[in-house]
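Visitor: Please take a close look at the side chains that pack against one another here, starting with the aromatic rings. I would like the distances and angles, and then the surroundings of the residues involved.

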Amino acid sequence: RPIFFVDGMLLHELCTTDPSKISARILMILGARRHGADEKEGQIMISEAMRAIDECIAIIEERPDIEHPDSGILGGCMTRPALYFEKSSFHMALGNHKEAIRDLTKALRIDPGYTTARDARANLWASLKLKDYATLHAEFKRILSEVHKDDRGNEASYAWLALMTLEDSRLGSIGDAK
């Protein structure tokens, strides 16, 4: 199998050659995901990727038909909720947690069933102590009701439920945290 290596700055140059193309924007987003941790250029790549996300969202809002999975244009993978989720990840990488929460909330307004965004937002709310235990308890219970019980990503939700239940017995017993 061949090994592909793309230098972060080369990828950046490829993306900015004709930034008007949506493919350049998508490459910019993917490049920032891969090379965003680079000490020298990472923050620049992330900020440009977030701008590219905003531009992709604007394009989709002008032409909502391209978001549909059957359109053959974006294949259903570059939806507004997915783009907001991606942007929230970049905000988290930069330490902008409240901006991340705003973007996750935007994703959930468009697609209330986007459990991955709901889970990320609930974990941010809990870790930053931005919501009361009753609200968090309800949110984590909802998340767990929407995913398969054996999903490996459930540990954090179960852990938060257990901690909140131990802190506030009005939320139920530790057995209710299952």
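Guide: Phe140 is buried, with a relative accessible area of 0%. The model is a predicted one, and every value given here is computed from it.

Phe140 belongs to one of the aromatic pairs, of which a search of the whole structure finds two. The other pair is made by Phe85 and Tyr114, with 5.8 Å from centre to centre and 50° between the planes, and is tilted. Phe85 is in helix 4, residues 80-93. Tyr114 is in the loop between helix 5 (97-110) and helix 6 (115-127). The two residues are 29 residues apart, and the pair links distant parts of the chain. Both Phe85 and Tyr114 are buried.

The pair that includes Phe140 has Trp160 as its partner. Their ring centres are 6.4 Å apart and the planes stand at 10°, so this pair is stacked. Rings pair if their centres lie within 6.5 Å, and planes under 30 degrees apart count as stacked. Phe140 lies in helix 7 (residues 133-146) and Trp160 in helix 8 (residues 155-167), so the pair ties together parts 20 residues apart in sequence. Phe140 is buried at 0%, whereas Trp160 is partly exposed, with a relative accessible area of 24%.

A further ring has a charge over it. The charged end of Lys131 sits over the ring of Trp125, 4.8 Å from the centre of that ring.

Phe85 also leads to a helix contact. Helix 4 and helix 5 pack at an angle of about 170°, and their axes are 8 Å apart. The two helices are therefore roughly antiparallel to each other; the cut-off for that description is an angle over 145 degrees. On the helix 4 side, the residues in contact are Arg80, Pro81, Tyr84, Phe85, Lys87, Ser88, His91 and Met92. They meet His97, Glu99, Ala100, Asp103, Leu104, Lys106, Ala107 and Ile110 in helix 5. By class, this contact has eight nonpolar, three polar and five charged residues.

Two of the polar residues can be followed further. Ser88, in helix 4, is buried, with a relative accessible area of 0%. Not counting residues up to four places away in sequence, Ser88 touches Ala100, Asp103 and Leu104. These three names also appear in the helix 5 side of the contact. His91 is likewise found in helix 4, and at 8% relative accessibility His91 counts as buried. Leaving aside neighbours within four places in sequence, His91 is in contact with Met50, Asn96, Glu99, Ala100 and Asp103. Ala100 and Asp103 thus appear beside both Ser88 and His91. His91 and Ile46 are 45 residues apart in sequence, with 8.7 Å between their C-alpha atoms.

Another link to helix 5 comes from Arg121, whose place is in helix 6. Arg121 is buried, with a relative accessible area of 9%. Outside the residues up to four places away in sequence, Arg121 touches Ile101, Leu104, Thr105, Leu108 and Glu139. Leu104 is thus touched by Arg121 and by Ser88. Arg121 and Ala100 are 21 residues apart in sequence and 8.0 Å apart in space, C-alpha to C-alpha.

Two residues with more accessible area than the buried cut-off of 20% can be set beside these. Leu30, in helix 2 (residues 22-35), is partly exposed, with a relative accessible area of 43%. Leu30 and Glu86 are 56 residues apart in sequence, and their C-alpha atoms are 9.7 Å apart. Lys129 lies in the loop between helix 6 and helix 7 and counts as exposed at 72% relative accessibility. The phi of Lys129 is near 55°, a positive value in a residue other than glycine. Most residues other than glycine have a negative phi.

As for the setting of these parts, the protein chain has eight helices and zero strands. Of its 178 residues, 39% are buried. Among the contacts with a separation of 6 or more, residues 24 or more positions apart account for 45%.

Technical notes
Residues numbered from 1 in each chain as written. Predicted model: local features only at pLDDT ≥ 70, side-chain atom pairs only at ≥ 80, totals over all residues. Heavy atoms only, no water. Phe/Tyr/Trp six-rings, centres within 6.5 Å; stacked < 30°, edge-to-face > 60°. Helix = DSSP H or I, 4+ residues; strand = E, 2+ residues; numbered from the N terminus. Buried < 20%, exposed > 50% of the residue type's maximum accessible area, 1.4 Å probe, protein only. Lys NZ or Arg CZ within 6 Å of the ring centre and 35° of its normal. Axes fitted to C-alpha atoms, helices over the stretch in contact; angles between N-to-C directions. Parallel < 35°, antiparallel > 145°, perpendicular 65-115°, else oblique. Contact = heavy atoms within 4.5 Å. Nonpolar A, V, L, I, M, F, W, Y, C, P; charged D, E, K, R; others polar.
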